[in-house]
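Subject: Structure handover

Hello,

Here is the structure I said I would pass on. My notes on what was found in it follow below.

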Amino acid sequence: MKLAIDGPSPADELRSLREWLVTDPALRGRVGLEAPPPAPGTLGSALETLAVAVGPGGVATALASVLVSWIRRRSGGVTLTVRRADGSSFELKVASVRGLTPKDVTEMTRQLSDSLEGRGDEGSPEGS
């Protein structure tokens, strides 16, 4: 699974998200930063995505919970794009999750977990 961020400082936001993800024991060792090979004549390349190995054992639920928590705490306009291994993708936006009630957060986390695992008919969590 690949995670990409669209916002004012995508590389910084990817690093921030990675820090949040690796603090969860279920995700430790499953998260890596990805950058394309540097263009000829440049010193390096910018970060583009995070790769997360999602498998059985509640990993999708842990990932969903961290993603919702992280994006709710962003201060600016950030859009998180999640691309599954099958090529399907969906987005989460700060505006869609910031004002949610605890009950709404629980439901969004459940729907996101289902979407991350490719379950359900909706294809993306409500509010995205």
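To begin with a single residue: G77 touches D6, G7 and P8, leaving aside residues up to four places away in sequence. G77 sits in the loop between α2 and β4, and with a relative accessibility of 58% it counts as exposed, because the threshold for that is over 50%. Another residue to look at here is K93, which is 16 residues from G77 in sequence and 7.6 Å from it in space, C-alpha to C-alpha. Please keep in mind throughout that this is a predicted model.

Overall layout

The chain contains four helices and five strands. Read from the N terminus, its elements follow the order β-α-β-β-α-β-β-α-α. Of the 128 residues in the chain, 38% count as buried. Among contacts with a separation of 6 or more, 55% are between residues 24 or more positions apart.

The sheet

In what order do the five strands lie in the open sheet? The order is β2-β3-β1-β4-β5, and the pairing is antiparallel. At the edges are β2 (31–34) and β5, each of which pairs on one side only. Neighbouring strands are turned against each other by 25 degrees on average, with direction ignored.

As a general point, strands of a sheet pair through backbone hydrogen bonds, and this can be parallel or antiparallel. For β2 and β3 the sense is antiparallel, over four bridges. You can find this pairing on the model by starting from V31, whose bridge partner in β3 is V52. On the other side of the order, α4 lies across β4 and β5. The angle between α4 and β5 is about 155 degrees.

The core

Nonpolar side chains tend to be buried together in soluble globular proteins. In this model the largest nonpolar core has 29 residues. Those with the most contacts inside it are L3, L17, L21, L27, L63, L80 and L116. Several elements supply at least two residues each: the strands β1 (2–6), β3 (49–52), β4 (79–83) and β5 (89–93), together with the helices α1 (10–22), α2 (59–72) and α4 (102–116). The largest share, 10 residues, comes from α2.

To see one of these residues in its surroundings, select L17. Leaving out residues up to four places away in sequence, L17 touches L3, I5, L50, L67, W70 and L80.

Helix α2

Is α2 mostly covered or mostly uncovered? It is mostly covered, with 10 of its 14 residues buried. The buried residues are V59, A60, A62, L63, A64, V66, L67, V68, W70 and I71. The length of α2 also agrees with expectation: at 1.5 Å a residue its 14 residues should span 20 Å, and its end C-alpha atoms are 20 Å apart.

Salt bridges

How many salt bridges does the count come to? It comes to five, and three of them are described here, starting with the pair of D86 and R84. The side chains of D86 and R84 meet at 3.8 Å, N to O. The two partners differ in how they are placed: D86 has a relative accessibility of 60% and counts as exposed, whereas R84, at 13%, counts as buried.

The other two involve R110 in helix α4. R110 meets E107 in a salt bridge at 2.5 Å, N to O. These residues are three apart in α4, about one turn of the helix. R110 also forms a salt bridge with D114, where the closest N and O atoms are 2.8 Å apart. D114 and R110 are four residues apart in the helix, again about one turn. Through shared partners, E107, R110 and D114 are joined into one network of salt bridges.

Which of these residues are buried, and which are partly exposed? R110 is partly exposed, with a relative accessible area of 41%. E107 is partly exposed as well, at 33%. D114 is buried, because its relative accessible area is 12% and buried means under 20%.

That is the end of my notes.

Regards

Definitions and conventions
Residues are numbered from 1 along each chain as its sequence is written. This is a predicted model: local features need pLDDT of at least 70, side-chain atom pairs count only at pLDDT 80 or more; totals for chains, interfaces and linings use all residues. Side-chain values use heavy atoms; hydrogens and water are left out. A nonpolar core is a set of buried Ala, Val, Leu, Ile, Met, Phe, Trp, Tyr and Cys residues joined through side-chain atoms within 4.5 Å. Buried means under 20% relative accessible area, exposed over 50%, partly exposed in between (1.4 Å probe, protein chains only). Contact means heavy atoms within 4.5 Å. Two strands pair if DSSP finds at least two bridges between them. Axes are lines fitted to C-alpha atoms, for helices over the stretch in contact, and angles run from 0 to 180 degrees between N-to-C directions. A salt bridge is a side-chain nitrogen of Lys or Arg within 4 Å of a carboxyl oxygen of Asp or Glu. The expected span of a helix is 1.5 Å times one less than its number of residues.
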